[in-house]
Amino acid sequence: MKNLRMKSARAGLDMSQQQLADAVGVSRQTINAIEKGDYNPTIRLCIAICRTLGKTLDELFWEEG
Amino acid sequence: MTYRAGLALGILLGVLAGIALVALLLKKKVLDMHFDERQELARGKAFQYGFLTLLAAAYAYGVSDVVLGRWCDVLTGVSICIALSVCVFAVACILKDAYLSLQERPRAVMTLFALLSAVNLGLGGLYAASGDLMQDGVLTFRAVNPIFGAATLVILVVYIVNHLLRDREEAE
């Protein structure tokens, strides 16, 4: 499932995928794969992304039943 | 020094030179081994494919030697198996965007591959022209160069095609 919340949070900060990738120490393709729903990140990477985007885990990664 | 001793020394020096080159490239950060978590997972899967290919290729080579008789030097046969498995590993990594690490510069690495490919295929061409590639219908150890040249060429072509297709996909 696509992670549109993460994409919109990133876009809201006017960040490119590459900028977010550099900030959390992964490749741009990894950020792209997370946003497209092709890769489930570890909790460590989720936290790093949340901190960078100023959001909580719930806001970006929790899916309501 | 006998011919065989000279040959063994040459191969040993070649391997040592190769190790020294890789060590230098790692030190200069042209090659790097730091991957992110998604890349590590993808590379693990690619290692599985490469390993299974190596097993299958080694077995197929052994069977072919029994059935067809000696058709290549052992070093050549082993090199074919290794080249096949390395190609499978590399292609599986490339398709998952996990071949190059975070620090590696694609252009530098691919230039290195193009150079390796050209040198090895060029040597293969020279050996073929001088008739050293085959002796009495048996592929000699000199075929190792064109085999690894072909392997690096395959990796290079797959990387470039994948890169171009992905760029187009992302531009759409």
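**Exercise 1.** Work out how many residues chain A and chain B each bring to their contact.

*Solution.* Chain B gives 6 residues and chain A gives 9, taking contact as C-beta atoms, placed from the backbone, within 7 Å. Next, sort the chain B side that touches chain A: 1 nonpolar, 1 polar and 4 charged (charged is Asp, Glu, Lys and Arg; nonpolar is Ala, Val, Leu, Ile, Met, Phe, Trp, Tyr, Cys and Pro; polar is the others, Gly among them).

A word on the model: it's predicted, with local features needing pLDDT of at least 70 and side-chain atom pairs pLDDT 80 or more, while totals for chains, interfaces and linings use all residues. Residues are numbered from 1 along each chain, chains are lettered from A and ligands numbered from 1, in the order written.

**Exercise 2.** Find which residues of helix 2 of chain A are buried, and what covers them.

*Solution.* Start with helix 2, residues 17-24 of chain A: Leu20(A), Ala21(A) and Val24(A) are buried (20 or more other C-beta atoms within 10 Å). Their arc around the axis is only 100°, so they sit on the same side of helix 2 of chain A. Their cover includes helix 1 (4-12), helix 3 (28-36) and helix 4 (43-53) of chain A.

**Exercise 3.** Describe how helix 2 and helix 3 of chain A pack.

*Solution.* Take the geometry: the angle is about 110° and the axes are 8 Å apart. The two helices are therefore roughly perpendicular (65 to 115 degrees). Now the contact: helix 2 of chain A uses Gln17(A), Gln18(A), Leu20(A) and Ala21(A), and helix 3 of chain A uses Arg28(A), Thr30(A), Ile31(A) and Asn32(A). By class, that contact has 3 nonpolar, 4 polar and 1 charged residues.

Note on methods
Buried ≥ 20, exposed ≤ 12 C-beta atoms within 10 Å, placed from the backbone. Helix = DSSP H or I, 4+ residues; strand = E, 2+ residues; numbered from the N terminus. Arc of directions from axis to C-beta. Contact = placed C-beta atoms within 7 Å. Axes fitted to C-alpha atoms, helices over the stretch in contact; angles between N-to-C directions. Parallel < 35°, antiparallel > 145°, perpendicular 65-115°, else oblique.
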